[in-house]
Amino acid sequence: MHSQRVHGTPHQRGVDNEEGEKVFGNILAELESVDLPLGTTLRSIYDDQPNAHMRFMEKLDARIRNHDREIEKMCNFHHQGFVDAITELLKVRTDAEKLMGQVTDTNRRLQEAGREVTAQTGEVIRCRSQQRNMATTVEKLQLCIPVLQMYSKLKEQLESKRYYAALKTMEQLEKIYIPRVSQYRFCQIMAENLPRLREEIKEISMSDLKDFLESIRKHSDKVGETAMRQAQQHRTFNSAVAKQASVGHYTKPLYSLSWQTHARNILMTDDDDDADEEILTAQDLVDFSPVYRCLHIYAVLGDRETFENYYRKQRKKQARLVLQPQANMHETVEGYRRYFNQIVGFFVVEDHILHATQGLVTRAFTDELWNMALSKIIAVLRTHSSYCEDPDLVLELKNLIVIFADTLQGFGFSVNRLFDLLFEVRDQYNETLLKKWALVFREIFELDNYSPIPVETEDEYKLVVSRFPFHDAEIEKQDFPKKLPMSQSVPQIYMQVKEFIYASLKFSESLHRSSTEIDDMLRKSTNLLLTRTLSSCLQNLIKKPHIGLTELVQIIINTTHLEQACRYLEEFITNITNVSPETVHTTRLYGLSTFKDARHAAEGEIYTKLNQKIDEFIQLADYEWSMAESDGRASGYLMDLINFLRSTFQVFTHLPGKVAQTACMSACKHLSTSLMQMLLDTELKQISMGAIQQFNLDVIQCELFASSEPVPGFQGDTLQLAFIDLRQLLDLFMVWDWSTYLADYGQPTSKYLRVNPATALTLLEKMKDTSKKNNIFSQFRKNDRDKQKLIETVVKQLRSLVNGMSS
């Protein structure tokens, strides 16, 4: 195919030549154009057909020859004009040289003339350049001077410790002044120093804050003292207003005034010095500027949260330190006062910070801090108040707690738990009062002479009656001098009970309790005084060894009068509290049972001591049990005993009720029993009839004493019946009426109904012949052996009766 394309027919070759001519014409036109790139055109020559470049070169040569011919024609056409122009130019040459000389001379002369101007112009240019430099310098200095002035101001502010203003100045420097002249090196140094200065300000302000925290810890005591004093003055003022309002002096309530107004009004009523006293607040006593300054500084620096956290953390630590009491705080009221002052001062400062700053501390934070403190305070007061033995100290503690609670309540803190604690402190107060009054009662009892109170004049009588509610128509009718039945301890005890009620009432003041509650508290505490303290003192008094029968009789009389005075104590409490005793929930006084119990104990002690005294006399008995005949008169010990009983029972006539009768009956029964036991003593082996006769004389004296009515009030022979057992036994042996005894034994109408077979057998065996010397029945054996057999028969029958009773 290649050969065909190259060596085709003539017609084909003619067509190809025509096309080639046209193509090469276009290529040459492109080459002659200066706007088109040659690379693409030349490449198309070589890429089109074989040997095309040869043909192109031929075509190019032909085109060059055509252009040469055209150039030659054009040169021939313009040659004559060129020659003419050259000829004219040569003619002008001479004139040009002449003109050149003139111009050169003129230039020379001009240069010489302008040399001075040139020098002056250089000077002007130099001055103008200096002027421009100066203007530029002034302009730049005007930009720099405010920066320098602000930086100098910053240094002054730092030196004068105006750190918040210094931070504001730094902010202006950074945002306004330094950017205007930031290209200068000194401004770069300033900009680099500003962060360091900020850190220094932070450190200095934090140091000031630490100094403030240390200072406020020292000043908390003074701040708290001032706040509590103002609260106390406020309370005093309100109390005065309430009293004046109660009598109609005020028609408009004044309790809406501020605390400081209350305190100021109170101070105006005092002396001139106090009237001029200034009412101080926490802000007057403490410089809070370090806190404000540090807060503003950290806020400006964008680190407020760090400052808030640090402040709260440090205050929590200080709160824990403030809440730690001194070990001996309970010893004096000053210890408690310092403790409360520090706590109040702490929370007054926190309250001021809460209201003076926005968000440094929150109400939630202060409430959390207060609740933590309140739990600690209550625990501390419980512990330390339990050590208090002085009721006056406990009362002062109560007053401090009330003022403490009122003070903090005025600052918005909840104090209900403190008032609940006061009920516990009240119990402790009552305990200390009871201990104190126990000592008072003991001292009164120890100093009492246990004898009726003598009154010589009417004034003395009125003095006693004014101290104790005593009314007796018979005694009042008696002439002076006269005696009151109770001893001097009775009015003293009564007055001390009233003093106790007053002391107990003091604790109820300022507790915001109703009259009914106060009345109930007074009655309960008085009941404790009567039923526990006074009752215990009376019981201990009655049991003391040195208290004799006379003293016991007087104690019984005293308790009777104290019991009667209990209703006056009821009225006394009612007058204080204005609570009617008919109120449903009114507590009654239990003094009646207290004095009754004491009286019963005294009565029992009288019976015991009386029996002990009888035993002492009986121990003096010295019977000669083997005597043949009696002395014909009663034993000396027994007569002494009867005389003692007679004088004792004369004192008993002052005893109320049937105490004297009971004591007399008890003494006779004990005497009868003791005498019977003497006869039946197992160590006593034998008794003669003479001894029985002597013993019978003594019993007769006892019966005579009983029949003489040593104590009035017995009906018939009631008192003599105490010796009936002895009398029937002795009659049986003296009359020797065994047949009647044995015959009537067991009959209700028996003459010897009170004789027990065992008792008769024991005594009969002591009198039975035992083959010993001086046996009472030896004569019977000599004279009448049948009678001896009768005795043996009686013994057998008595044994039979005894055995029958035991089976």
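A residue counts as partly exposed when its relative accessible area lies between the buried limit, under 20%, and the exposed limit, over 50%. With that cut-off in hand, the charged pairs of this predicted model can be placed in their surroundings. E225, for instance, has a relative accessibility of 34% and so falls in the partly exposed class.

It helps to begin with confidence. The protein chain has an average pLDDT of 80, and 84% of the residues score at least 70. Confidence reaches its highest value in helix α25 (residues 689-707), at a mean of 90, and its lowest in helix α7 (residues 259-269), at 35. Two stretches deserve a friendly word of caution. Over residues 1-15 the pLDDT stays under 50, and the model has five contacts there beyond four places in sequence. Residues 769-777 also have a pLDDT below 50, with 13 contacts in the model beyond near neighbours in sequence. Where pLDDT is low, the predicted coordinates should not be read in detail.

Turning to the charged side chains, the count of salt bridges comes to 32. One of them links R229 to E225, with 4.0 Å between the closest N and O atoms. Both residues belong to helix α6 (residues 185-246), and because they are four residues apart, about one helical turn separates them. R229 is partly exposed, at a relative accessible area of 27%, and its partner E225 is likewise described as partly exposed, at 34%.

A second pair within a helix is formed by K613 and E616, whose salt bridge has its closest N and O atoms 3.5 Å apart. Here the spacing is three residues along helix α22 (residues 591-618), which means that the two positions are separated by about one helical turn. K613 is partly exposed at 31% relative accessibility, and E616 falls in that class too, at 42%. Elsewhere, salt bridges with shared partners join D105, R108, R109 and E112 into one network.

How buried or exposed are R426 and D427, the two residues of another salt bridge? Their side chains meet at 3.6 Å, N to O. R426 has a relative accessible area of 18% and is therefore buried, the limit being under 20%. D427, at 41% relative accessibility, is partly exposed. This salt bridge thus brings together a buried arginine and a partly exposed aspartate.

Conventions: Residues numbered from 1 in each chain as written. Heavy atoms only, no water. pLDDT = per-residue confidence, 0-100. Contact = heavy atoms within 4.5 Å. Buried < 20%, exposed > 50% of the residue type's maximum accessible area, 1.4 Å probe, protein only.
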